[in-house]
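Dear colleague,

I am passing on the structure we spoke about, together with its sequence, so that you can look at both while you read. My notes on what was found follow below.

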Amino acid sequence: MVQRMGIYRKFSALALTTAATMAAVAPVWAAAYKEPLRLTPNSKWILNYADDSCRLLRGFGNGDNSSAFYIERYGPGDSFAMMAAGEPFKKLSRRDLVLVRFGPEEGNQEPNFFEGDFGEFGAALIFSGLSIERPEWTGLSESERKAYFKAMAGRDDDTDPVGEAREKAITWLSFSDGKKQTVRLELGSMGKPFSALRTCTDKLVTSWGVDPLKLASQSRELEPATSPGEWLDSSDYPTSMLRRGQQGLVQFRLSVGEDGKPTGCHIQQSTRPQEFDDIVCKRLMQRAAFIPALDADGKPFPSYYRSAVRFQMPD
């Protein structure tokens with residue numbers, strides 16, 4: 001039950017990542033797993049409507065294992081952000097690798113993640129640009145895997161929609177370090193929760209001044225006129241943040257007019273500090289350019305572009 005409440009470019013100090021490739025699937029070799037820690041729900045699903053996002057939130061576990069989990073979308077599509085927080089995730093948050101699996105029919109993924117904090121729940125795993133898309137590399141050779149990832153890097157997020165049947169089939173979600181520790185959330189069927197999330201994101205688009213009907217029937221999608229990888233570079237890393245070793249992730253949305261020019265920059269979600277938000281919007285408004293979206297009749301119409309900027313210290 002639900003209650004209402006394309007590119008990857010890494011610089012020496014900054015990575016600009018789209019939702020489509022930020023969580024690219026990586027090979028996972030067989031490992032001996034212990035019996036997972038299974039956490040059952042302690043609340044109903046809660047759907048939060050915000051100005052720039054839709055969030056599905058639910059509590060799991062009890063006592064020392066009490067945990068919080070959410071899935072968040074910043075617009076229509078299959079991609080989403082995700083967070084799991086609580087004592088069961090404390091050790092996992094310190095790992096270099098965390099495997100994620102939407103079971104039982106989907107495969108393992110190895111997404112990028114941040115270690116964070118979520119109020120009273122403490123340690124949190126924070127993911128961005130995830131999808132429940134099934135990995136197709138199982139059984140491939142190393143050269144075949146490389147070819148697969150190269151192909152994945154050029155895919156559009158809407159190329160292979162997940163679909164309601166696969167969403168309904170998801171009943172649990174596991175987090176693992178690939179060796180010893182696995183935490184499994186007993187979600188129940190995700191058909192209705194994902195359906196409610198889609199309804200929310202459709203309303204979200206309308207509030208942005210974009211016609212969802214034109215968006216659904218567009219004859220040409222909004223496209224960057226120049227490479228998004230050139231809109232920000234390592235020189236844009238705020239000096240004060242660089243000195244402190246401060247990293248960050250900024251989810252943004254650009255409103256784009258009929259002429260393909262950005263008309264506004266909106267921070268949808270950010271790990272802060274404010275300096276990251278400010279430089280992202282400043283540079284994007286200066287440098288971003290687009291080939292406008294066309295409706296079913298071939299006429300330009302206002303649309304939007306969203307992605308994420310990851311400020312990352314060099315290795």
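In helix α4, the buried residues are G191, P193, F194, A196, L197, C200, T201, L204 and V205. An α-helix has 3.6 residues a turn, so residues three or four places apart point the same way. Helix α4 covers residues 191–207, and because its 17 residues should span 24 Å at 1.5 Å a residue, the 25 Å between its end C-alpha atoms agrees with expectation. Just after this helix, G209 takes a positive phi of about 85°.

Please keep in mind that this is a predicted model, and that its confidence varies along the chain. The mean pLDDT is 82, and 80% of the residues reach 70 or more. Over residues 1–33, however, pLDDT stays under 50, although the model has 118 contacts beyond four places in sequence for them. Residues 153–159 also have pLDDT below 50, and this stretch has twelve contacts in the model beyond near neighbours in sequence. Where pLDDT is low, the predicted coordinates should not be read in detail.

As for the chain as a whole, it has seven helices and 19 strands, and buried residues make up 49% of its 315 residues. Its accessible surface comes to about 15000 Å², of which 49% belongs to carbon and sulfur atoms.

The largest nonpolar core has 59 residues, and those that touch the most other members are F69, M82, F127, F175, L187 and V280. Helix α4 gives the most to this core, with six residues. Apart from this core lies another, of six residues, among them A68, Y70, M83 and A124. Leaving aside residues up to four places away in sequence, M82 touches F69, Y70, I71, V100, F102, L125, I126, F127, L130, L173 and F175.

M82 also leads to strand β12, where its bridge partner is F127. Strand β8 (residues 80–86) pairs with β12 in the antiparallel sense over five bridges, and strand β11 (residues 113–117) likewise pairs with β12 in the antiparallel sense over five bridges. In the pairing with β11, G116 stands opposite A124 of β12. Between β11 and β12, which form a hairpin, there are five residues, and G119 in the turn has a positive phi of about 50°. Because seven of the eight residues of β12 (residues 123–130) are buried, this strand is largely enclosed by the rest of the structure.

There is also an open sheet of five strands, in the order β4-β14-β13-β9-β10, with mixed pairing. Its edge strands are β4 (37–39) and β10 (108–109), each of which pairs on one side only. Strand β4 runs parallel to strand β14 (residues 182–185), and three bridges join the two, with L39 standing opposite L185 in β14. P104 lies in the loop between β9 (99–103) and β10, and the peptide bond that leads to P104 from G103 is cis, with omega near 10°.

Two further helices may interest you. Helix α7 (residues 274–287) has 14 residues and reaches 20 Å from its first C-alpha to its last, close to the 20 Å expected at 1.5 Å a residue. Its buried residues are F276, D277, I279, V280, C281, R283 and L284, and they pack against α6 (239–244), β16 (248–256), β17 (262–270) and β19 (303–311).

The other helix is α3 (residues 164–169), in which E167 has its place. Is E167 buried or exposed? With a relative accessible area of 2%, E167 is buried, because the cut-off for that class is under 20%. Not counting residues up to four places away in sequence, E167 touches R73, I132, V162, M190, G191, F194 and R198; of these, G191 and F194 are among the buried residues of α4.

Finally, G298 lies in the loop between β18 (290–291) and β19. At 37% relative accessibility, G298 counts as partly exposed, because this value falls between the 20% and 50% limits. G298 and R220 are 78 residues apart in sequence, but their C-alpha atoms are 7.9 Å apart in space.

With best wishes

Technical notes:
Residues are numbered from 1 along each chain as its sequence is written. This is a predicted model: local features need pLDDT of at least 70, side-chain atom pairs count only at pLDDT 80 or more; totals for chains, interfaces and linings use all residues. Side-chain values use heavy atoms; hydrogens and water are left out. Buried means under 20% relative accessible area, exposed over 50%, partly exposed in between (1.4 Å probe, protein chains only). Helices (H or I, at least four residues) and strands (E, at least two) are DSSP runs, numbered from the N terminus. Two strands pair if DSSP finds at least two bridges between them. The expected span of a helix is 1.5 Å times one less than its number of residues. Contact means heavy atoms within 4.5 Å. Accessible areas come from the Shrake-Rupley method with a 1.4 Å probe; for residues, only the protein chains shown count as cover. A nonpolar core is a set of buried Ala, Val, Leu, Ile, Met, Phe, Trp, Tyr and Cys residues joined through side-chain atoms within 4.5 Å. pLDDT is the predictor's confidence in each residue, from 0 to 100.
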